[in-house]
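Trainee: Could we go through this structure together, one point at a time?
Mentor: Gladly; please look at the sequence and the structure first, and then ask.

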Amino acid sequence: MRVPLSWLREYVDLPATETGRDVQARLVSAGLEVERVEQLGADLKGPLVVGKVLTIEELEGFKKPIRFCTVDVGTANGTGEPQEIVCGARNFAVGDKVVVVLPGAVLPGDFAIAARKTYGHTSHGMICSGDELGMGDDGSGGIIVLPPEHEAGTDAIELLELVDEVLDIAVTPDRGYALSMRGVARETATAYGLPLRDPALLDVPGPNAFGHPVQVSDPLGCDRFTARTVTGLSPEARSPIWLQRRLQKAGMRPISLAVDITNYVMLELGQPLHAYDRSRIQGAIGVRRAEQGEKLTTLDGAKRTLDAEDLVITDDRGPIGLAGVMGGASTEIDDTEGTTTEVVVEAAHFDPVSIARTARRHKLASEASRRFERGVDPEAAAAAAQRTVDLLVLLAGGTADAGVTQISSPSAPHTITIAANHPDRVAGVDYGRETVVRRLQEVGCDVYGQDELIVTVPSWRPDLTDPNDLAEEVIRLEGYENLPSTLPRPPAGLGLTDRQRLHRRVGRALAGAGYVEALNYPFIGAEVLDQLGLEADDPRRTLVTLVNPLSDEEPAMRTTLLPGLLGALRRNDGRGSHDLALFETGLVFRPTGRETRAERLSVDRRPTAEEIASIDAALPRQPRRAAVVLAGAREQTGWWGKGRPADWADAVEAARTVAREAGVELTVRGDRHAPWHPGRCAALYVTVDGEETLVGHAGELHPRVIKALHLPERSCAMEIELDLLERAGAGALAAPRISTFPVATQDVALVVAREVPAADVEAALREGAGELLESVRLFDVYEGEQLGAGRKSLAYALRFRAVDRTLTVDEASAARDAAVVLAGERTGAVLRG
């Protein structure tokens, strides 16, 4: 909303010294978003005067039409002699009054005017168009031709109101009243503590039976409709300069007198209006819903197919306008022919939701729809119609018809009950009852009561619906800048959950192990699942698809963390970072097929436990996972020694690092699982509720996956489920037990069949060694001819320690022998050599 300061002063007696910047500061403090103050004519310098064209000589021999003119500028040039001016425009004739800028003047853009020789003549000044004066588009696209009553030599800067300040206000959806001079003036008056001259306070005649007939078939879509008729309009009447300039400053283009007046009143009062050529209306004006497929040609010349939800204005022929959006061409006021002498003025109040949907459905946003969808004062319709009639009578020489049509649905004013200290509790400031009542009254509310206030909301504030809205009004008028900065006081006993603590520990542990966290969007497409080589029946192919995705290429929620991480790996490798170790922790979305349809909840209360449970039942399972990807060198080569590339063992070790943070031991077995290499894939197990449970996979990626995703060779990855690790853990991590007694180390090499998992051998050694065993570590795997075909050697380091004594060699050896015996019974292992 563009608000000229000169226009605003008509409704509020601002001090003469107040500038646009001062008003901007006051309105911003009151909660309006005044984005900028435009200084009109700040760089304009006269003389700029009215001139009368005396002669026009057409110059020949040039590529474009050129005219040599003499113009009477009165005594503005100091001599009283006609001014000689060369001009290329052709929309003026001898006898016309024009705007002339004389030598010595400066136009907007620091364009200095001086006498100069051009086209064989000396031009002493310039005949101006609206654009050259910074007036904007007036619709003519040429020289300004003034009404004949203005005398030559009159100061055009004052006549055209070229010097002004315009406040540009970004109106939020809840403050539709600020899309009018009346609304902004009310805020200004409140901010300055000055009285308001309300332009809507007019004497309006009551309805009678002589007005133009109106039939409203949809009272929910249109609860107010006022129709007034003006006859005897002068076809030659044009909008006066002051009216055109106010429209231009407000960002609107002058069109014709009747249309300009309706636009002017809309800007003044916030009530959109429409004027119909009475001679083109057949029968009564109606308001109804459109029939599916009906046609309407709107004022912009587009032929539109209507929807059954569209609210339309009709006559006996059918639709003649989209209610609250745009009128129809069939009843347009004819300005070109000048045949319109009788108009019917419509001032109605339409349902905001219907207007908003119609405007979006037809991609037809207008000044009217913009106001209706934000909320228009329903009580202002009759005053707006009267104001329009008054201006048509004054400026067009018309006569107001005695008939007044007014249709309204019965409605009661909206009241809100609020505790007098409610704004105090919301803001944390002691305003007191008197301040609360005074501020609410300044907004326009009627307030009654003592400790509990009964507040009647004004008709122009449909956004005030509950006590918090009223509290906001008090707080903003008292000044947001006056609110103290206070820290909230959290109740005691709140903290991180066990799940959150594990999530953070895992992130810190992986970062400490040399991994860099990479946060990715949780969206994937089916194509990446094909690139990962997932089978058709793989559960990870069951996706939750978004109704309104950010990207059509990734319309679903992720079922695994790997696509995002591998994409980050590819991008970084392509940009020159070849030694990479990335990790991510987050949710994946795994639907079970048992999800129900979510209920649409009410917004006027807290949902019940049953409603919350029904929403939870509609959600897919969302386990929290951790994943890593590796490529390039895991250890760099340097003076300290030879480095090594990252391999599958590093991915498995990352899984062990995560498991240690949960206080659980992983069991690792070979597996075949996409997208990993079938011979270099490890399945990760933990014991959950007494059962061995698969929690993830780690290893080297399949070569086909690496090729499909354009990854570095021998890239590795790991993904593990944190929720299962948490269930398998023993809760809070216990501090390690430190013994003062020495450790006894025993090494053992066992020969087993090649297909026997090392994890099974280790589990047997742990159980057989008993409580004296402190740790067991596999430090060597060997296969050779001396072992025999299909055999391998596993070498383990066993560490024994007692908590209360130093172990003897015999005790350590006995524990080792017991471990070897049980390993032999369980896995067929025999001591090597």
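**Salt bridges, strands and unusual backbone**

Mentor: Glu661 is partly exposed, with a relative accessible area of 21%, and please keep in mind that the model is predicted.

Trainee: With which residue does Glu661 form a salt bridge?
Mentor: Glu661 belongs to helix α17 (residues 648–662), while its partner belongs to helix α13 (residues 498–512), so that distant parts of the chain, 156 residues apart, are linked by the pair. That partner is itself partly exposed, at 22% relative accessibility. The closest N and O atoms of the pair are 3.9 Å apart, and the partner is Arg505.

Trainee: Is Asp650, which forms a salt bridge with Arg644, buried or exposed?
Mentor: In this pair the closest N and O atoms are 2.6 Å apart, and Arg644 is partly exposed with a relative accessible area of 29%. Buried means under 20% relative accessible area. Asp650 has 9% relative accessibility, and therefore it counts as buried.

Trainee: How many residues apart in sequence are the parts that Glu783 and Arg754 tie together?
Mentor: Glu783 and Arg754 form a salt bridge whose closest N and O atoms are 3.3 Å apart. Glu783 lies in the loop between β40 (773–782) and β41 (791–800), whereas Arg754 lies in the loop between β39 (744–753) and α20 (758–769). Both ends are partly exposed, Glu783 at 42% and Arg754 at 46%. Because the two residues sit in these two loops, the pair ties together parts that are apart in sequence by 29 residues.

Trainee: How many salt bridges does the structure hold?
Mentor: Some of them share partners, and in this way Arg175, Glu187, Arg461, Asp463, Glu472, Glu473 and Arg476 are joined into one network. For the structure, the number of salt bridges is 62.

Trainee: Which residues gather in a patch of negative charge on the surface?
Mentor: One member of the patch, Asp552, is found in the loop between α14 (526–531) and β30 (556–557). With 71% relative accessibility, Asp552 counts as exposed. The residues that gather in this patch of negative charge are Glu527, Asp552, Glu553 and Glu554.

Trainee: Which residue of β13 is the bridge partner of Val3?
Mentor: Strand β13 (residues 164–170) is mostly covered, with six of its seven residues buried. Strand β1 (residues 2–4) runs antiparallel to β13 and is joined to it by three bridges, and strand β2 (residues 33–40) is also antiparallel to β13, with seven bridges between them. Val37 stands opposite Leu167 in β13. The bridge partner of Val3 in β13 is likewise Leu167.

Trainee: Which strands are the edge strands of the open sheet that contains β32 and β38?
Mentor: Seven strands form this open sheet, in the order β28-β31-β32-β38-β37-β36-β35, and the pairing is mixed. Within the sheet, strand β32 (residues 624–631) and strand β38 (residues 716–721) pair in the antiparallel sense over six bridges, and Ala626 stands opposite Ile720 in β38. The edge strands each pair on one side only, and they are β28 (516–517) and β35 (667–670).

Trainee: Which residue does a cis peptide bond join to Gly46?
Mentor: The bond has an omega of about 15 degrees, and the residue in question has its place in the loop between β2 and β3 (48–59). A peptide bond in the cis form also runs from Ala674 to Pro675, with omega near 10 degrees, and Pro675 is placed in the loop between β35 and β36 (676–688). The residue joined to Gly46 is Pro47.

Trainee: What is the phi of Asp689?
Mentor: Asp689 has its place in the loop between β36 and β37 (691–701) and is exposed, with a relative accessible area of 62%. Asp110, in the loop between β7 (106–107) and β8 (111–112), is exposed at 66% and has a positive phi of about 55 degrees although it is not a glycine. Asp689 is not a glycine either, and its phi is positive, at about 55 degrees.

Conventions
Residues are numbered from 1 along each chain as its sequence is written. This is a predicted model: local features need pLDDT of at least 70, side-chain atom pairs count only at pLDDT 80 or more; totals for chains, interfaces and linings use all residues. Side-chain values use heavy atoms; hydrogens and water are left out. Patches are made of residues with over 30% relative accessible area and no salt bridge: like charges are joined within 9 Å, nonpolar side chains (Val, Leu, Ile, Met, Phe, Trp, Tyr) within 5 Å. Accessible areas come from the Shrake-Rupley method with a 1.4 Å probe; for residues, only the protein chains shown count as cover. A salt bridge is a side-chain nitrogen of Lys or Arg within 4 Å of a carboxyl oxygen of Asp or Glu. Lys and Arg count as positive and Asp and Glu as negative; His and the chain ends are not counted. The place of a charge is taken as NZ of Lys, CZ of Arg, CG of Asp or CD of Glu. Helices (H or I, at least four residues) and strands (E, at least two) are DSSP runs, numbered from the N terminus. Buried means under 20% relative accessible area, exposed over 50%, partly exposed in between (1.4 Å probe, protein chains only). Two strands pair if DSSP finds at least two bridges between them.
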